[in-house]
Every structure is written in C-alpha cells, then in structure tokens.
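Trainee: Could you walk me through one part of this model in close detail? I would like to see how a single piece sits within the whole.

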Amino acid sequence: MRNLSKVLVASFALAAATPAVAQYTFTQPGMQPQPVQQLQSWNNVARVNLGVGFYNSGYYDCYYYYGYYCSTGSYTSYVPFIVGPQVDFNLGGMNNISVGFTVAMGTVTSTYYNNINYVDASTSVTVWEPTIDYVAKFGPPSMDTVGRFRVGGGMLIGPNSSIGGVFRIGGGASFLNTSRLGIGLDVVLEGGGINGNWVGGLQLLASPEFHF
C-alpha cells in the first residue's frame, strides 16, 4: 500500500511538470534548457490585391423575318490592371467573410456591326467593383501556408453610371501565414452582366497581406 502511494505521488508530480518541460528544448548535459519558440496564429487578414483581369462581353441582335433569328452584334475584350483592398474577418473555425473594393483600369476593344461592315474600336475604361465573399480556409491558423476557397458577388460600376453585377468563385492561399506580413495568391472567376450586356472573365491576383 505504501509503495502504491509513492507511485501515485510520483505520477501526479510528473503530470504537473510536463507542461513546463514542454516549453524547453533538450540541450547538452550541464547547459540550461532553452525555451521553444511558439508559433503565432492570426485569425484575420488585410491585403491589397494586385493583378490582371481577362474579360469578354457581347450582345445579340435579334430580328423577325419569317422566323426569329439572333446573331452576335458585338464582341468586347477587356484586360485591365486590378488593384484594391480586401479584409477577411474570421467568424470562427474555417468560416470567414471577405469584404473588398476593386478598381479595374484598362482598354476595352470592341468589334461591332454597323449594318454595313464590322468596325473595330477601343477606349480606356475604369470599372469599380465592391465585393463580398464567403471564404472557407483550410488548415489551422498556426500553419505557415493556408489554402482558401471563396464564393460571393460583386457590383460593377462602369462609365456613364452603368451598373451591373457578377457572381464570384475562386481559390487561393496565404503564405507566411504565421508572420505578421505574408503574401497571398488567388484566382477568381466572375460572370454576370452590366448595362444589359453579359460579361465574364477571371482575375489573377498576388497580394501583400497583413495578419492580425
């Protein structure tokens, strides 16, 4: 019975000492143990998105002549430079809400039919796009690289107060996630319409990030 009491006392003492010992590394005999550097984790992210977009758009001319016929009336391409802030707010676990604002600046190139022949035209266009996405992040925040999937929507504000909207879906990752400063890479697909015309394309983004 006395031996059993000694074993129980020794077990409790070892259990109590384990958390403290776990904070130190093993060293050579006679040297003081050094504390282990704990990995920091951050739940929220602020970034500045920088990248390029690839968009195209078109509309259809429809007419009735002993039947109903439609043909493509215009084709438009848009390859803008993209910049804008975005913040991911953690809602708990893998769930996040991402709010951002993107400015796209580039040249719109159009080919349209003027009832005689096809004509090419180009003009500089700036499009403003506030966005809101649901973002699922994969892996604990203590990991150095964390992947993410996003789905959401954006509002398009173009020249002459033209208004539209797009559906957004994409994926990416944060690198150096355990540091205050990191970098993010994302691919985002968008599809919707503006000023009565459909529009679709993708964004390729590289983003300096601040974790907090």
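Mentor: Let's begin with contacts along the protein chain, where contact means heavy atoms within 4.5 Å. Among those between residues at least 6 apart in sequence, 57% join residues at least 24 apart. This is a predicted model, in which local features need pLDDT of at least 70 and side-chain atom pairs count only at pLDDT 80 or more, while totals for chains, interfaces and linings use all residues. Residues are numbered from 1 along each chain as its sequence is written, and side-chain values use heavy atoms, with hydrogens and water left out.

The protein chain has 1 helix and 9 strands, in the order α-β-β-β-β-β-β-β-β-β from the N terminus. These are DSSP runs numbered from the N terminus: helices are H or I with at least four residues, strands E with at least two. Of the 212 residues, 32% are buried, meaning under 20% relative accessible area with a 1.4 Å probe and protein chains only; exposed means over 50%, and partly exposed lies in between.

Now for the close look, at strand β6, which covers residues 145-157. Its side chains alternate: V146, R148, R150, G152, G154 and L156 point to one face and are buried. T145, G147, F149, V151, G153, M155 and I157 point to the other face and are not buried.

On either side come its partners; two strands pair if DSSP finds at least two bridges between them. β5 and β6 run antiparallel, joined by 9 bridges. Within that pairing, V135 is the bridge partner of R150, and W128 that of I157. The two strands form a hairpin with 6 residues between them, and G139 in the turn has a positive phi of about 105 degrees. β6 is also antiparallel to β7 (residues 163-175), through 13 bridges, one of which puts G152 opposite R168. This second hairpin has 5 residues between the strands, and N160 takes a positive phi near 60 degrees.

On the buried face, which residues make polar contacts with the side chain of R148? A polar contact is a pair of N or O atoms within 3.5 Å; within protein, one must be able to donate a hydrogen and the other to accept it, and residues adjacent in sequence count only if both atoms are side-chain atoms. R148 has a relative accessible area of 5%. Its side chain joins that of D186 at 2.7 Å, and a polar atom of the R148 side chain lies 3.4 Å from the backbone oxygen of A173.

L156, on that face too, belongs to the largest nonpolar core, a set of buried Ala, Val, Leu, Ile, Met, Phe, Trp, Tyr and Cys residues joined through side-chain atoms within 4.5 Å. Of its 13 residues, Y78, A104, V125, V127, L156 and V199 touch the most other members. β4 (95-113), β5 (118-138), β8 (181-194) and β9 (197-211) each give two or more residues to this core.

Finally, confidence: pLDDT, the predictor's confidence in each residue from 0 to 100, averages 81 over the chain, with 71% of residues at 70 or above. Over residues 4-26 it is below 50. Where pLDDT is low, the predicted coordinates should not be read in detail.
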